[in-house]
Amino acid sequence: MSVNRLTFHEICQILNSPVFPAEIDSFTPSVVVDSRLLQKNDLFIALPGEKTDGHHFLNEVEKKGAAAAIVSNDFLRQNKTNFHMPILGVDDVLEALQKLAQEYLKQRQVKIVAITGSVGKTTTKHLLFQLLQKHFSVAFSPGNQNSQIGLPLSILNHYHGHEDVLILEMGMTAQGHIQKLIEIAPPDIAIVTALELVHVAGVHSLENIAHAKREILTHPKTMLGLIPSEIPFYALLHETGTCRKQSFSTLSIQADYCLHEQDQHLQIRDSQGLSPLLPRLPFLGKHNQHNFLAAISACRALGMTWSDIQQVIPTLTLPERRLEQVIKKGILFINDSYNAALTSVKAALDALPPPLQFSGKRIGVIGEMVELGTFSEACHREVGILSLAKLDLMICYGDGCLPIEEVWKKHNKPVHLTLTFEQVIAELKQHVLPGDVVLLKGSNKKQLWKVLEYF
């Protein structure tokens, strides 16, 4: 597949930056902000960071064969430059990265689907890509690259310039973050998956999260907003912006898109009536029906027929570390360790398979949920309460899990609070037996998927 990325000459024009010491005119294979990931002929952008500064690695990236580097004018004023690679000076390096992505999209015709939400963004994106790819040329942001840095990098590195549809996640940790992202990539269709207490430390309340998330609906180019009918502050989102709104739900028949189970099938009702009977989803989790319906709503808006959709459903998969079933030494591990919020922990507990083949204990290895601010204790306590009826043994990891331990001790159920990964492994190996089911669930920083390496 051909790649129609920016040329170095176009980059200089967009940034209105003279090149030092000489100009080259070639396609840029990739744009990189991490010197460790740089390959020969990549463009390096020297971003300042909390822990380090990209300017410290300019000698390293030149030795690795970088095509050029974008640096701050402050750096150029304060340092003598003896580089052989071209150097572009700009006032704000992050703003330069974002402007490159914005101008790159302006020059090309592509339908943009933008997805935000406290949980479910990556899964919805992954399902939407699989549903669309047999009928459209589709590009999408990899992993969870949805930040002020990750989104423009995704556009510059993973959109080849000729696809029909571009699917992007848009994340936030503060007010105004999504507003900036939609300026870079104005969506034609905007999806809000959920509003939950996630990354709440920076915004302090669910209502503030709603105000931050609704920014995705405000761009005048956006034609359609897709919103769950049961979402908190639904009216606030519905009244935001000028785009048409449609609702989706796995519960309410009043929603514009409603999914319900019928025997061994699914059926969806939209404005045109009932779909044919559709295959059941080939993965665990009632909450994934919600993510699937969000994706289906966008597919229908883009013109896909029920026949098109019906053919793809049996081949759908979830992103890695989302309710993955792994059998090791006769133990069924449910690896849902990508991330954790109160709602997603509850969903993972509800998704545990019935005791048929695996009739032993249900063991939870639950890592603490982070970035909850003043809500942390209440959310962890609720996890403790919700898990009592679902699990036989609890191994919780991180001092934020103290409320879980307190709940379980109060109910005289076996619980082990661990503070190191080594303690997690030791406790699990002491108690797990063939026939048991082990749920691995925690914030990404806890890396609980590594538990599988010890069995």
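**Exercise 1. Find histidine 290 and work out its surroundings.**

Let's start with the helix: histidine 290 sits in H10, which runs over residues 286-301. Keep in mind that you're looking at a predicted model.

Next, look for partners from elsewhere in the chain. Skipping neighbours within four places in sequence, you'll find histidine 290 in contact with Thr193, Pro228, Phe248 and Thr250.

Now zoom in on threonine 193. Its backbone oxygen is 2.8 Å from a polar atom of the histidine 290 side chain. A polar contact needs the two atoms within 3.5 Å.

Finally, try a pair across the sequence: cysteine 258 is 32 residues away from histidine 290 along the chain, yet their C-alpha atoms are 9.7 Å apart.

**Exercise 2. Look at the residues UniProt lists as a binding site, and decide whether serine 118 and lysine 121 are buried or exposed.**

First, get the list. An unreviewed UniProt entry puts a "binding site" at Gly117, Ser118, Val119, Gly120, Lys121, Thr122 and Thr123.

Then place the two residues. Serine 118 is in the loop that links strand S6 (111-116) to helix H5 (121-132), while lysine 121 belongs to H5.

Now apply the cut-off: buried means under 20% relative accessible area. Serine 118 comes in at 10%, so it counts as buried. Lysine 121 has 11%, so it is buried as well.

What does lysine 121 touch, leaving out residues up to four places away in sequence? The partners are Ile115, Thr116, Asn146, Glu169, Met170 and Thr193. You've met Thr193 already, as a contact of histidine 290.

**Exercise 3. Work out which side of helix H1 is buried.**

Begin by picking out the buried residues of H1 (residues 8-15): they are Phe8, Ile11, Cys12, Ile14 and Leu15. These residues span an arc of only 165° around the axis, so they lie on the same side of H1.

Why can residues that aren't next to each other share a side? An α-helix has 3.6 residues a turn, so residues three or four places apart point the same way.

One last step takes you past the end: asparagine 16 follows H1, and its phi is positive, near 50°.

**Exercise 4. Describe two non-glycine residues with positive phi, aspartate 263 and arginine 321.**

Take aspartate 263 first. Its phi is about 55°, and its home is the loop between strands S12 (257-262) and S13 (265-270). With a relative accessible area of 67%, aspartate 263 is exposed.

Now arginine 321. Here phi is about 65°, and the residue lies in the loop between helix H11 (306-312) and strand S16 (324-328).

**Exercise 5. How many disulfides does the structure hold?**

A search of the whole structure turns up zero. Let's check two cysteines against the cut-off, which asks for sulfur atoms within 2.5 Å. For cysteine 243, the nearest cysteine sulfur belongs to cysteine 299 and is 18 Å away. For cysteine 401, the nearest one is that of cysteine 396, at 4.8 Å. Neither cysteine 243 nor cysteine 401 is in a disulfide.

To finish, check accessibility: cysteine 243 is buried at 7%, and cysteine 401 is buried at 0%.

**Exercise 6. Step back to the domains.**

The chain divides into domain 1 (8-93), domain 2 (108-315) and domain 3 (324-453). Measuring over C-alpha atoms is how the centres of domain 1 and domain 3 come out 45 Å apart.

Key. Residues numbered from 1 in each chain as written. Predicted model: local features only at pLDDT ≥ 70, side-chain atom pairs only at ≥ 80, totals over all residues. Heavy atoms only, no water. Domains from an automatic or database assignment. Helix = DSSP H or I, 4+ residues; strand = E, 2+ residues; numbered from the N terminus. Contact = heavy atoms within 4.5 Å. Polar contact = N/O pair within 3.5 Å; in protein donor to acceptor, adjacent residues only side chain to side chain. Buried < 20%, exposed > 50% of the residue type's maximum accessible area, 1.4 Å probe, protein only. Arc of directions from axis to C-beta. UniProt positions renumbered as here; feature names shortened; annotations may be inferred.
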